[in-house]
Amino acid sequence: MGGLSARLVYRFGRMVIIVLINFLLVQGITYDTGGADVKAGGHMAGMHRDKCGAAAVAGFFKTLSLVQPKGIRVVGSMSMVRNSIGENCYVADEIITSRAGVRVRVGNTDAEGRMVMTDLIAYMKEKIVKENVKNPQIYTIATLTGHVCLAFGDAYSGVLDNGPARKNGNSRLLFDLAARIAEPVELSTIRREDFKLCSGPSEYEDLLQCNNAPSSQTARGHQLPAAFMIAASGLDKHGLDSALPIPYTHIDIAGSAGPFPGVPRATPILMLAARHIFPHLG
C-alpha cells in the first residue's frame, strides 16, 4: 500500500496578522478494497468514495482562493493511497512504527484510514511546536467508519473533540453553525475507554490499530479511531494537562458524504467555511 501526501497552504497577503491557523488532514483513499482483509460479499461497491475527505479539503481550498479571507492561514494535507490486495499490501499482525515512534500492531487492513492520517497529525503537531503556532486547530476529515452511519444515520457527520478543542467549544460551535446552513452534524465524545481499547495487549506493540472486526460490529466503533490517532501521533502529549495543549477535532463523514449510487454532498465544506472563513470576510 504505497501512496503520497499532497500539501496545500493558504495565507492571504505577505504582511498579515494571523488570528487562526487551521490544519486540515484528510483521508484520500482512491479506492478501498479492504486490503488483505478484503471487502467480500458485494461490500466493495462504492469504495471510490473513500476519498471524499480529500475532495472536501480540495473544495475548501478552492473556496479560500475565491473569497480570499484575511487573517487566517490554512495548511492542508491529503493522504492519497489505494488500499489494494497484492504482494506489497500490509497485513494483520504487522507492526508499523508511526512518525511519533509509536509501535502499532495492525488488527484489520480495512482500517487503513486511521493509519494514513496518523503521521499527518504527527507532522502538523511537530510544525505547531517548532513554529510556536498560536491559536492552532487540527482537523481530520474522513469517510472513516460504518459505525458512524449506524449511530447517526446516513445524513449526519460525527464530530469529536480532544480535550483542548472541547474546552474551546469547537464541536459545539460546529454543531450550531451546521444546523443553520442545513449541513447538520451530531456530537460524539472520546472517552478514556476508547484509549484503553486501542492499547497494545502485548510487549511487542504500544497500540492496537483496531480489533479484527469491522467498525460496524465494534462497540464505540467511530470513537475508537479518533482515540487511536491521538495516541499513535503523539497528540496525547498535548492534552489539557500539558504545557502546550493542541486542539484537535475529528469529523467522520461516512454517513454524510452522499448516497451511492448518487451525487456526493461535499460535506463538510460549508460547515468549515461558516466556522473559519465567513468570520474573516470583508
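Tutor: Before we start, one cut-off: a residue is called buried when its relative accessible area is under 20%. Keep in mind that this is a predicted model.

Student: Okay, which residues of helix 8 are buried?

Tutor: Helix 8 covers residues 269-276, and it's mostly covered, with six of its eight residues buried. Going through them, you get Ile269, Met271, Leu272, Ala273, Ala274 and His276.

Student: Which residues of helix 8 does helix 1 meet?

Tutor: Helix 1 is the stretch 52-67, and its axis runs 9 Å from that of helix 8. From the helix 1 side, Ala56, Gly59, Phe60 and Thr63 make the contact. Their partners in helix 8 are Ile269, Leu272 and Ala273.

Student: How many charged residues are in that contact?

Tutor: Sort the contact of helix 1 with helix 8 by class and you find five nonpolar residues and two polar ones. Gly counts as polar here. As for charged residues, there are none: the count is no charged residues.

Student: Are helix 1 and helix 8 roughly parallel or oblique?

Tutor: The two helices pack at an angle of about 45 degrees. Roughly parallel would need an angle under 35 degrees, and roughly perpendicular starts at 65. The crossing is right-handed, by the way. So helix 1 is, relative to helix 8, oblique.

Student: On to salt bridges. Which residue joins Asp32 and Lys39 in a network?

Tutor: A search of the whole structure turns up 10 salt bridges. In one of them, Asp32 pairs with Lys39, the closest N and O atoms being 3.7 Å apart. Asp32 is buried at 2% relative accessibility, and Lys39 is buried too, at 17%. The network of salt bridges links these two with Asp110.

Student: Is Asp93, the partner of Arg105, buried or exposed?

Tutor: Arg105 and Asp93 meet through their side chains in a salt bridge, 3.7 Å from N to O. Arg105 sits in strand 5, while Asp93 is in the loop between strand 3 and strand 4, 12 residues apart. Arg105 counts as buried at 16%. Asp93 has a relative accessible area of 53%, which means it is exposed.

Student: And how many residues apart in sequence are Arg103 and Asp206?

Tutor: Arg103 forms a salt bridge with Asp206, with the closest N and O atoms 3.1 Å apart. Arg103 lies in strand 5 and Asp206 in the loop between helix 6 and strand 9, so the pair ties together parts of the chain whose separation in sequence is 103 residues.

Key:
Residues are numbered from 1 along each chain as its sequence is written. This is a predicted model: local features need pLDDT of at least 70, side-chain atom pairs count only at pLDDT 80 or more; totals for chains, interfaces and linings use all residues. Side-chain values use heavy atoms; hydrogens and water are left out. Buried means under 20% relative accessible area, exposed over 50%, partly exposed in between (1.4 Å probe, protein chains only). Helices (H or I, at least four residues) and strands (E, at least two) are DSSP runs, numbered from the N terminus. A salt bridge is a side-chain nitrogen of Lys or Arg within 4 Å of a carboxyl oxygen of Asp or Glu. Axes are lines fitted to C-alpha atoms, for helices over the stretch in contact, and angles run from 0 to 180 degrees between N-to-C directions. Angles under 35 degrees count as roughly parallel, over 145 as roughly antiparallel, 65 to 115 as roughly perpendicular and the rest as oblique. A crossing is left-handed if the near helix is turned anticlockwise from the far one by less than a right angle, and right-handed if clockwise. Contact means heavy atoms within 4.5 Å.
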